Amino acid sequence: MKQNIIVCKPSDLTVPWAQRVIDKHHADAVVSNVNIVSVDIGTTTRVRIAIEHDGPDTLARRWFVKLPSMARRARIITALPRLLHTEVRFYKEVAQSVPLVMPACLAAQSRFGMGSTLVLADVAEFDAIPSYPNDTLTLAQATLVIEQLARFHAHFWNKVDAEPTYRWLAGPVRRLEDHLGTALAVPLMKRGLRLAGSCIPSTLHAAAIHFARHRRKAMSFLSAAPQTLIHHDCHPGNLFWDRFQPGFLDWQLVRIGDGVGDVAYFMSTALDPETRRLHEASLLAKYVQTLADNGVVGMDNTVLMQRYRAHITYAFEAMVVTLAVGGMMNLDGNLELIRRTAAAVDDLDAFAALPI
C-alpha cells in the first residue's frame with residue numbers, strides 16, 4: 001500500500017514521518033532524529049528541517065517541506081485553485097522533462113480533502129544560495145535567467161497542446177483559478193492600491209481599476225499567443241543560485257501560456273527600474289536570439305515588444321493582489337516589488353498595450 005506522507009503542520013514532521021519518506025529511496029536507512037530549522041508562512045507553510053539518518057551520503061539530510069499555509073487568508077485564496085496540489089503534480093509528472101535546474105523531489109503527495117505535502121532537497125544541501133523576493137539582480141544574473149527561460153520555453157514551444165501529459169495544466173483547476181481572479185479583481189485591486197500608498201503613482205490608479213474590471217478580456221489577450229510551458233511566478237524569491245547558474249522554485253502557478261509573460265514578470269520584479277530601462281531591449285533581444293538558437297524562429301520583434309508591455313500589467317496586478325490578501329509575502333519585499341512593477345507599468349504605458 002502507498003505510504004501516506006501528507007501532514008498539516010510543522011509539528012507533524014516527526015521521525016516516523018521522515019522514515020516514510022526515506023523508505024521511498026533507501027529501504028535500509030534508519031532515521032534517528034528530525035530538527036526543525038525554520039518555518040516561513042506565506043502562500044504555503046515552508047519548513048526547513050535537518051534529518052539525521054544512517055543512509056548513504058547521496059541521501060539528502062536537509063529538506064524543504066511545503067504544506068498548506070497556516071495563514072488563514074492565504075490558505076483560503078490558495079485552497080480553491082489547489083495551488084500546492086498543482087505543484088505536487090508538476091513534480092510528479094512534468095518536472096523531469098523541464099530543462100531547468102530544480103531541487104530534487106524526495107516525496108510529493110496530494111489527496112482531495114486531505115491536503116498536499118511536497119518534500120524537496122533543500123538548496124543548501126548542494127551549497128546553492130537561495131534568493132529573496134526583494135533581491136536586486138545584476139545584469140549578468142538577469143542575462144543568465146533570460147537565457148534559461150528561453151531554453152525552457154523553446155523546449156515546449158507549440159508542443160504542450162498536443163501532448164496529453166500537459167493538458168491538465170490548462171484544465172479545470174486553472175480555469176477555476178482564472179474565474180476566481182476575475183471575480184475578486186476589483187475589490188482586491190482597490191484594497192491593494194490603498195495599502196500600497198505612495199509605492200504606486202496616483203496616475204496609475206484609474207487604469208489599474210479599469211484593468212481589474214476588464215480582467216477576463218485582458219487575460220484572454222495575454223494568453224492568445226504561441227503556447228508553451230511557463231512558470232508564471234518568476235520573481236527573485238523563486239530563484240536560487242547554483243554555481244552561478246539560476247535554479248527555479250515554486251511551481252504552484254505553472255501553466256500553458258505565452259513565454260514572454262515569464263520574461264516580463266521577471267524583468268519587472270528582479271531588476272531595479274534604472275537597470276531595466278537601460279537593458280530591457282537588449283535582454284529581450286537575448287531572449288529572441290536564444291529562442292532562435294533552440295529552434296524557435298520568425299519572432300516579430302514589434303509584436304513581442306507589445307506583448308512584453310502588456311504582460312507587465314499581470315506582474316503589477318500579482319504584486320498588488322498579494323499585498324491586498326496579506327500574509328503571502330514579506331511586507332517589505334512585497335512593497336519593493338510593487339514599486340518596481342509600478343515603475344515598469346508607468347515607463348512602458350503598459351495598460352495601453354491591452355485592447356480593453
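Where is Asp-349 found? Good morning, colleagues. Asp-349 sits in the segment after helix H11, the helix that spans residues 331–348. I should say at once that this is a predicted model.

Let me stay with Asp-349 for a moment. Its phi is near 50 degrees, which is a positive value in a residue other than glycine. In general, most residues other than glycine have a negative phi. As for its surroundings, Asp-349 counts as partly exposed, because its relative accessibility is 48%.

A second residue belongs beside it. Arg-243 also has a positive phi, near 55 degrees, and is likewise a residue other than glycine. Arg-243 is placed in the loop that joins strand S8, residues 239–242, to strand S9, residues 245–248. Is Arg-243 buried or exposed? With a relative accessible area of 65%, Arg-243 is exposed.

I turn now to the packing of helices, beginning with helix H5. Helix H5 covers residues 172–196, and helix H6 covers residues 205–213. The axes of these two helices come within 8 Å and cross at roughly 160 degrees. Why is H5 described as roughly antiparallel to H6? The reason is the crossing angle of roughly 160 degrees, since angles over 145 count as roughly antiparallel. The crossing of H5 and H6 is right-handed.

Which residues meet there? From H5 come Ala-185, Val-186, Met-189, Lys-190 and Leu-193. From H6 come His-205, Ala-208, Ile-209, Phe-211, Ala-212 and Arg-213. Sorted by class, this contact of H5 with H6 holds eight nonpolar, one polar and two charged residues.

Helix H5 also packs on helix H10, which runs over residues 301–325. Here the axes are 8 Å apart and the angle is about 80 degrees. H5 and H10 are therefore roughly perpendicular to each other. On the H5 side, the residues are Ala-185, Leu-188, Met-189, Arg-191, Gly-192, Leu-193, Leu-195 and Ala-196. On the H10 side, they are Phe-316, Glu-317, Val-320, Val-321, Leu-323, Ala-324 and Val-325. The contact of H5 with H10 divides into 12 nonpolar, one polar and two charged residues. Ala-185, Met-189 and Leu-193 of H5 take part in the contact with H6 and also in the contact with H10.

Helix H10 offers one further residue for our attention, Arg-307. Is Arg-307 buried or exposed? Arg-307 is buried, with a relative accessible area of 10%. Setting aside neighbours within four places in sequence, Arg-307 is in contact with Phe-221, Leu-222, Ser-223, Ala-224, Ala-225, Asp-258 and Val-260.

The next pair is helix H4, residues 139–156, and helix H8, the latter spanning residues 259–270. Their axes come within 10 Å and cross at roughly 165 degrees. That angle makes H4 roughly antiparallel to H8, and the crossing is right-handed. H4 contributes Ala-142, Val-145, Ile-146, Leu-149, Phe-152 and His-153 to the contact, while H8 contributes Gly-259, Asp-262, Val-263, Phe-266 and Met-267. By class, the contact of H4 with H8 has eight nonpolar, two polar and one charged residues.

Within each of these two helices, I would single out one residue. In H8, this is Thr-269, which is buried with a relative accessible area of 0%. What lies 2.7 Å from a polar atom of the Thr-269 side chain? The backbone oxygen of Tyr-265 does. Beyond its neighbours within four places in sequence, Thr-269 is in contact with Cys-234, His-235, Pro-236, Met-319, Leu-337, Arg-340 and Thr-341.

In H4, the residue is Ala-140. Ala-140 is exposed, with a relative accessible area of 53%. The C-alpha atoms of Ala-140 and Phe-244 are separated by 9.9 Å, although the two residues are 104 residues apart along the chain.

I close with His-25, in the loop between helix H1, residues 15–23, and strand S1, residues 31–41. His-25 is partly exposed, with a relative accessible area of 40%. Which residues does His-25 touch, not counting residues up to four places away in sequence? They are Leu-59, Cys-105 and Leu-106. His-25 and Leu-106 are 81 residues apart in sequence, yet 8.0 Å apart in space, C-alpha to C-alpha. Thank you for your attention.

Definitions and conventions:
Residues are numbered from 1 along each chain as its sequence is written. This is a predicted model: local features need pLDDT of at least 70, side-chain atom pairs count only at pLDDT 80 or more; totals for chains, interfaces and linings use all residues. Side-chain values use heavy atoms; hydrogens and water are left out. Axes are lines fitted to C-alpha atoms, for helices over the stretch in contact, and angles run from 0 to 180 degrees between N-to-C directions. Helices (H or I, at least four residues) and strands (E, at least two) are DSSP runs, numbered from the N terminus. A crossing is left-handed if the near helix is turned anticlockwise from the far one by less than a right angle, and right-handed if clockwise. Contact means heavy atoms within 4.5 Å. Ala, Val, Leu, Ile, Met, Phe, Trp, Tyr, Cys and Pro count as nonpolar, Asp, Glu, Lys and Arg as charged, and the others, Gly among them, as polar. Buried means under 20% relative accessible area, exposed over 50%, partly exposed in between (1.4 Å probe, protein chains only). A polar contact is a pair of N or O atoms within 3.5 Å; within protein, one must be able to donate a hydrogen and the other to accept it, and residues adjacent in sequence count only if both atoms are side-chain atoms. Angles under 35 degrees count as roughly parallel, over 145 as roughly antiparallel, 65 to 115 as roughly perpendicular and the rest as oblique.
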